Amino acid sequence: MKKILVVGSSNTDLIIQVPEIPRPGETVLGSRFQTFPGGKGANQAVAAARAGGEVIFIAAVGDDPYGSEAVKGYRRDRINCEDIKVCRDTPSGIALISVSEKGENAISVAPGANYKLSPEDMEEAEAAFDEADLMLIQLEITLDTVHRAVEICEELRTRVILNPAPATDLPDGILNRTDIITPNEAEAERLTGIRIRNEKGAWKAAEWLHRKGVRTVIITLGARGAYLSDPATGPGRMIPGFAVNAVDTTAAGDVFNGQLAVALSEGKSLEHAIGLAHAAAALSVQKTGAQSSIPMREETDYFYQANLANQHTK
Ligand code: ADP
């Protein structure tokens with residue numbers, strides 16, 4: 001089995017259902033309170049593990065119950081947690097989320113230990129970078145750490161998949177060490193400054209990213225699927241997604257990236273890997289929650305085979 005290295009955030013989402021999002025100075029009485037594991041790094045690590053990858057997760061948590069519960073969950077998904085750092089002086093990453101009856105939400109994030117994951121931690125985990133077939137990384141940790149991680153991958157010839165989320169600008173030194181980039185529409189617009197209203201916009205944004213040295217560009221476009229641009233394998237093209245009844249699209253992109261990484265490590269073509277990633281994400285958007293909605297590989301393979309004929313472009 002090929003090894004996937006995921007470097008990124010681990011959070012705990014603390015969610016309260018409220019009648020209305022409180023205004024400044026206001027207190028509202030909520031109803032249900034729930035705690036969920038989250039963070040893009042963790043979601044993608046779990047998605048890759050359930051997709052059948054042998055996953056090593058490099059992250060940082062605090063020395064508190066949130067951190068230890070989160071790590072217990074990753075172990076249940078058979079993720080290698082040996083390189084997860086436990087910070088004595090910083091709490092685990094927390095997202096405080098209020099969800100109103102109307103479905104609006106207000107989110108405050110304290111990155112905590114996620115921002116303590118350092119460039120030196122990447123160097124200490126070099127063996128994991130060496131063993132891995134590819135690295136999957138996002139932007140909920142500091143850019144210095146992302147930069148060091150992609151440098152180590154370059155030295156060791158480990159392929160890099162960068163999911164540039166949340167949206168931000170990126171230095172050329174990160175982009176030119178990225179093999180595959182997977183922004184959603186908003187992230188691609190933020191990175192390139194190009195509006196992506198249609199396929200032509202996606203093409204222009206992809207060209208911009210290629211000029212920065214990224215070999216393969218995959219712009220995810222929600223229910224419509226994804227735009228793939230890889231000059232080595234043909235002109236840019238839409239890879240349609242699957243039509244399903246979406247009830248909660250939280251973490252759709254994370255599921256897509258985790259499954260994509262595993263399929264590519266198995267040697268599948270870009271089209272096939274994106275098709276499987278669409279299938280896993282389409283399964284996840286039909287259920288509520290983030291990690292709880294991530295499918296196992298058997299379900300994804302079954303759904304993919306059964307629905308190949310219905311792959312659609314909206
Ligand atoms: P993000 O979740 O990062 O904002 P997207 O909205 O582009 O990213 O979704 C990522 C992928 O999830 C899409 O390429 C697609 O495979 C799948 N997806 C998202 N929304 C839907 C939907 N409503 N129906 C089917 N698939 C979806």
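1. Starting with strand pairing: in this predicted model, Leu-14 sits across from Thr-35 of β3. At another point along the two strands, Asn-11 is set opposite Gly-38 of β3. These pairs belong to an antiparallel arrangement, with six bridges linking β2 (residues 11-18) to β3 (residues 33-38).

2. What does β2 do with β7? The two run parallel and share eight bridges, with β7 spanning residues 93-100. If you want a spot to look at, try Val-18, which faces Ser-100 of β7.

3. Zooming out, the open sheet has four strands, ordered β3-β2-β7-β8, and its pairing is mixed. The edges are β3 and β8, each of which pairs on one side only. On average, and ignoring direction, neighbouring strands here are turned by 20 degrees against each other.

4. Why call β2 largely enclosed by the rest of the structure? Because six of its eight residues are buried. When you flip through the side chains, keep the general pattern in mind: along a regular strand they alternate between the two faces of the sheet.

5. Next, α1, residues 40-50. This helix is mostly covered, with ten of its eleven residues buried. The buried set is Gly-41, Ala-42, Asn-43, Gln-44, Ala-45, Val-46, Ala-47, Ala-48, Ala-49 and Arg-50. So there is an arginine to look at here, since Arg-50 falls under the 20% cut-off for buried. Just past the end of α1, Gly-52 adopts a positive phi of about 100 degrees.

6. Is Leu-117 buried or exposed? It lies in the loop that runs between β8 (105-110) and α3 (119-124). Its relative accessible area is 2%, and because buried means under 20%, Leu-117 counts as buried.

7. Who surrounds Leu-117? Leaving aside residues up to four places away in sequence, Leu-117 touches Val-7, Gly-8, Ile-58, Ala-59, Ala-60, Lys-85, Met-122, Ile-141, Thr-142 and Thr-145. As for Thr-12, it is 105 residues from Leu-117 in sequence, and their C-alpha atoms are 17 Å apart in space.

8. On to the helix packing, beginning with α9 (residues 252-265) and α10 (residues 270-284). They pack at an angle of about 145 degrees, and their axes are 8 Å apart. The crossing of α9 past α10 is right-handed. From α9, the contact uses Ala-252, Val-255, Phe-256, Gln-259, Leu-260, Ala-263 and Leu-264. The α10 side brings Leu-270, Ala-273, Ile-274, Leu-276, Ala-277, His-278, Ala-280, Ala-281 and Ser-284. Sorted by class, that makes 13 nonpolar residues, three polar and no charged ones.

9. How does α10 pack with α11 (residues 297-307)? The angle is about 110 degrees, with the axes 9 Å apart. That falls within the 65 to 115 degree range, so α10 and α11 count as roughly perpendicular. On the α10 side the contact involves His-272, Gly-275, Leu-276, Ala-279, Ala-280, Ala-282 and Leu-283. Facing them from α11 are Arg-297, Glu-299, Thr-300, Asp-301, Phe-303 and Tyr-304. By class, this contact splits into seven nonpolar, three polar and three charged residues.

10. One last thing to check on α10: Leu-276 and Ala-280 are listed in its contact with α9, and both are also listed in its contact with α11. The charge counts are worth setting side by side too: no charged residues where α9 meets α10, and three where α10 meets α11.

Notes. Residues numbered from 1 in each chain as written. Predicted model: local features only at pLDDT ≥ 70, side-chain atom pairs only at ≥ 80, totals over all residues. Heavy atoms only, no water. Axes fitted to C-alpha atoms, helices over the stretch in contact; angles between N-to-C directions. Left-handed = near helix turned anticlockwise from the far one by under 90°. Contact = heavy atoms within 4.5 Å. Nonpolar A, V, L, I, M, F, W, Y, C, P; charged D, E, K, R; others polar. Buried < 20%, exposed > 50% of the residue type's maximum accessible area, 1.4 Å probe, protein only. Pairing = 2+ DSSP bridges. Parallel < 35°, antiparallel > 145°, perpendicular 65-115°, else oblique.
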